[in-house]
Amino acid sequence: MLKLYGGARSRASIVQWYLEELAIPYEFVMLDMQAGEHRKPEYLAINPMGKVPAIIDGDFKLWESGAILLYLDEKYGKVKHSLEERAQLAQWILFANSTLATGIFVEANREREMPRLMTPLNEIFQRQQFLLGGTFTVADVAVGSVLAYIPMMLKLDLSSYPAIYTYVKRLSERPAFQKTIGSRSS
Ligand SMILES: N[C@@H](CCC(=O)N[C@@H](CS)C(=O)NCC(=O)O)C(=O)O
């Protein structure tokens, strides 16, 4: 069975959200990060960087949440994507984990980057329900989990961006979201 390694309140819940969407069986291996389990040789053999999440699928080890999401989509996703769609999924996942995450979570960047990033995202969600159009994809897991953290973790109000607010609400109503990201306590 596929194993997902994570810690309490870690980015592993992003991958877990997508595993639940895909409805594939997996085991969540909860590391005690307070006790430094992610820095022990057993885990460094899976991810030498000592970060979570990581997965083991058969003999295959993979880390970095974005790479894991793309792998899961390609291997287990019900829809087979064209080259162009795969490139767009990669575009949004890389955007989520680099541009969007550093723009929002790095406090020194937030005031400058929030309006620059949220304004075009709001415009996109005024036109369409999901990032690639009318259908939920793995891109929504990556970008949506960063956007969902804004009210959940940073306690910032999204009301100036009503289409993003509605998008996050739409995602948060998904059972797989509620079981994973939505059940994080802080
Ligand atoms: N870009 C990585 C970030 C991984 C990351 O920083 N994970 C944190 C938990 S959310 C971690 O393992 N921190 C432990 C440490 O830095 O010692 C990803 O998305 O997988």
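How far is an oxygen atom of the ligand from an N or O atom in the side chain of H38? The distance is 3.1 Å, a polar contact in the sense of a pair of N or O atoms within 3.5 Å.

Some ground rules. This is a predicted model, where local features need pLDDT of at least 70 and side-chain atom pairs count only at pLDDT 80 or more, while totals for chains, interfaces and linings use all residues. Residues are numbered from 1 along each chain as its sequence is written, and side-chain values use heavy atoms, with hydrogens and water left out.

Back to the ligand. In the side chain of R39, an N or O atom sits 3.3 Å from a ligand oxygen. E64 puts a polar side-chain atom 2.9 Å from a ligand nitrogen. On its own the ligand has 510 Å² of accessible area, and the protein covers 71% of that (Shrake-Rupley method, 1.4 Å probe).

Now the interior. The largest nonpolar core has 53 residues; such a core is a set of buried Ala, Val, Leu, Ile, Met, Phe, Trp, Tyr and Cys residues joined through side-chain atoms within 4.5 Å, and buried means under 20% relative accessible area, with a 1.4 Å probe and protein chains only. L72, M118, L121 and L147 touch the most other members. Domain 1 (2–76) and domain 2 (83–181) both contribute residues, so this core lies between them; the bounds come from an automatic or database domain assignment.

Take L72. Beyond four places in sequence, L72 is in contact (heavy atoms within 4.5 Å) with L2, V15, Y18, L19, L22, I55 and G77. A separate core of eight residues includes Y5, V29, I46 and I56.

How values were computed
Buried means under 20% relative accessible area, exposed over 50%, partly exposed in between (1.4 Å probe, protein chains only). A polar contact is a pair of N or O atoms within 3.5 Å; within protein, one must be able to donate a hydrogen and the other to accept it, and residues adjacent in sequence count only if both atoms are side-chain atoms.
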